[in-house]
Amino acid sequence: MAKDNLTAVLHGIEDLRLEQRPIPEIGDDEVLLAMDSVGICGSDVHYLQHGRIGPFVLTKPMIIGHEAAGVVAKIGKKVTNVKVGDRVAIEPGVPCRYCDHCKQGRYHLCPDIVFCATPPYDGNLTRYYKHAADFCFKLPDHVSMEEGALLEPLSVGVHACRRGGVGLGSKVAILGAGPIGLVTLLTAQSMGASEILITDLVQSRLDVAKELGATHTLLLTKEQSAEDTVKLVTQKMSAQPDVTIDCCGAESSVRLAILATRSGGVVVVVGMGAPEVKLPLINALAREVDIRGIFRYCNDYSAALALVSSGKVNVKRLVTHHFDIKETAKAFETSRHGLGGAIKVMIHVTPRNTNN
Ligand code: NAD
Ligand code: ZN
């Protein structure tokens, strides 16, 4: 096997380096993956800029990246679900499997979860990476490695729509048309929503949402009050939304989500903004509007894969830029400044389309 294990390591704020790392040794339940595609997520950029997200603080160098797919290069003695040469998507959070949360099936709440590129755990923007075999999902031949990497954000959309109870005939409002808002849009459509309104502050993002099939788009300004915006949402939609999914995290947006949702409906908060915000709680409780948060995903990867492999959802439009791992710095620049209308920036550890 090649000795080259070029790896993108975040050493501190604004200090992302490419360096050689040893190729990991695998355990009996693990696989070694030759990495192919790794998407850049807002959280990767956040760690680069701030060195922390809430309680997760970078205190030692960490390999970046967690939206990824690779090819199985080696398997541990006990591995039976995949074999060498399989192309797999990587679910990045591996829980303990023993605690109450794990046993009850809500393993994403496991306090001991090891999640790629969340300090102190390494991510997978590297040539060779080891992972728990049972958190690898074999991709059918017609699903590309890039699509495999995109199962990560798509799973967030699946989890959000499931938590919101989106179903046949649902009227859904999605606030924010970044990558997460867009995958939530695609998922809501596939789950049978009949009418979907999506908001953003940026027209070009709404144009993409329209192209992907949003029924209505609504361009907002930062100055607009939630109270004024509610009227606009109601004017555009045939009725108040049953489910409103916040995918930006701004206080005004979560406020809007509560005020706009019909009585008895559900607000799902995906966006992570300020840790504490002021919200119209009495309005929500007096109208029995449920407010539900989501944290990543749980048992959603296989549904996300089914959506892509069946052709129900096309995530390819989200990828606007491609870079080689050697161009990691440029890839992060493009993502963080949204250069050239960047939505999802994909880094190729193996030259693009070689493994498809
Ligand atoms: P992003 O920053 O790329 O996209 C956010 C979009 O929202 C942008 O297009 C922006 O213009 C728009 N926006 C900002 N303020 C707005 C407002 N007031 N009204 C309407 N639109 C507004 O981020 P992303 O990668 O799409 O992620 C979206 C959010 O979801 C982030 O806050 C991220 O931290 C969060 N997130 C949460 C989870 C979770 O597990 N809960 C997982 C992934 C991402
Ligand atoms: Zn656990």
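**Figure 1. Ile174 of strand 13 meets Ile198 of strand 14.** In this predicted model, Ile174 has Ile198 as its bridge partner in strand 14. The two strands, 13 and 14, run parallel and are held in register by 5 bridges. To get from strand 13 to strand 14, the chain passes through helix 4, making a right-handed β-α-β crossover. If you want to trace the path by residue number, helix 4 covers 179-190 and strand 14 covers 195-200.

**Figure 2. Strand 13 has a second partner, strand 16.** Here we look at the pairing of strand 13 with strand 16, residues 243-246. How many bridges join these two strands? There are 4, and the strands run parallel. One handy pair to look for is Val172 with Val243, its bridge partner in strand 16.

**Figure 3. Strand 13 is covered on both faces.** Strand 13 takes in residues 171-175, and 5 of its 5 residues are buried. In a regular strand, side chains alternate between the two faces of the sheet. Which residues sit on which side of strand 13? Lys171, Ala173 and Leu175 are on one side, while Val172 and Ile174 are on the other. Both of these faces are covered. Notice that Lys171 is among the buried residues.

**Figure 4. The shell around ligand 1.** There are 27 residues around ligand 1. Which of them come nearest? Those are Gly176, Gly178, Ile180, Cys248 and Gly249. Helix 4, strand 14 and helix 7 (251-260) each give at least two residues to the shell. Helix 4 makes the largest contribution, with 3 residues. Sorted by character, the shell holds 15 nonpolar, 9 polar and 3 charged residues. Helix 4 and strand 14 should look familiar here, as the chain crosses from strand 13 through helix 4 to strand 14.

**Figure 5. A three-stranded open sheet, in the order 2-1-6.** This view moves to another sheet, made of 3 strands with antiparallel pairing. Strand 2 (15-20) and strand 6 (62-63) are at the edges, and each has a single partner strand, so one side of each has no neighbour in the sheet. Strand 1, residues 6-12, pairs with strand 2 through 6 bridges, in the antiparallel sense. To find this pairing in the structure, look for Gly12, whose bridge partner in strand 2 is Asp15.

**Figure 6. Strands 19 and 20 run side by side.** Strand 19 (residues 319-324) and strand 20 (residues 344-348) are parallel and joined by 5 bridges. Phe323 is bridged to Ile347 in strand 20. Between the two strands the chain crosses through helix 10, residues 328-336, and this β-α-β crossover is right-handed. A right-handed crossover also links strand 13 to strand 14, by way of helix 4.

**Figure 7. A cis peptide bond between two prolines.** Most residues other than glycine have a negative phi, and most peptide bonds are trans. What kind of peptide bond joins Pro119 and Pro120? It is cis, with omega at about 10 degrees. You will find Pro120 in the loop between strand 10 (114-115) and strand 11 (128-132).

**Figure 8. Glu288 and Asn353, each with a positive phi.** Glu288 is not a glycine, yet its phi is positive, about 50 degrees. The residue belongs to the loop between helix 8 (281-286) and strand 18 (290-293). Is Glu288 buried or exposed? It counts as exposed, because it has 10 C-beta neighbours inside 10 Å. Asn353 likewise is a residue other than glycine with a positive phi, near 65 degrees. Asn353 lies in the segment after strand 20. With 13 other C-beta atoms within 10 Å, Asn353 is partly exposed.

**Figure 9. Stepping back to the whole chain.** The chain contains 10 helices and 20 strands. Its C-alpha trace spans about 60 × 40 × 35 Å along the principal axes. A compact globule of 356 residues would have a radius of gyration near 21 Å, and the chain agrees with that at 20 Å. Of the 356 residues, 48% count as buried. As for the predictor's confidence, the average pLDDT of the chain is 97, and 99% of the residues score at least 70. For the complex, the predictor gives an ipTM of 0.99 and a pTM of 0.98.

Technical notes:
Residues numbered from 1 in each chain as written. Chains lettered and ligands numbered in written order. Predicted model: local features only at pLDDT ≥ 70, side-chain atom pairs only at ≥ 80, totals over all residues. Near = placed C-beta within 6 Å. Nonpolar A, V, L, I, M, F, W, Y, C, P; charged D, E, K, R; others polar. Buried ≥ 20, exposed ≤ 12 C-beta atoms within 10 Å, placed from the backbone. Pairing = 2+ DSSP bridges. Right-handed = clockwise from strand over helix to strand, strands pointing away. pLDDT = per-residue confidence, 0-100. Rg over C-alpha atoms; globule rule 2.2 N^0.38 Å.
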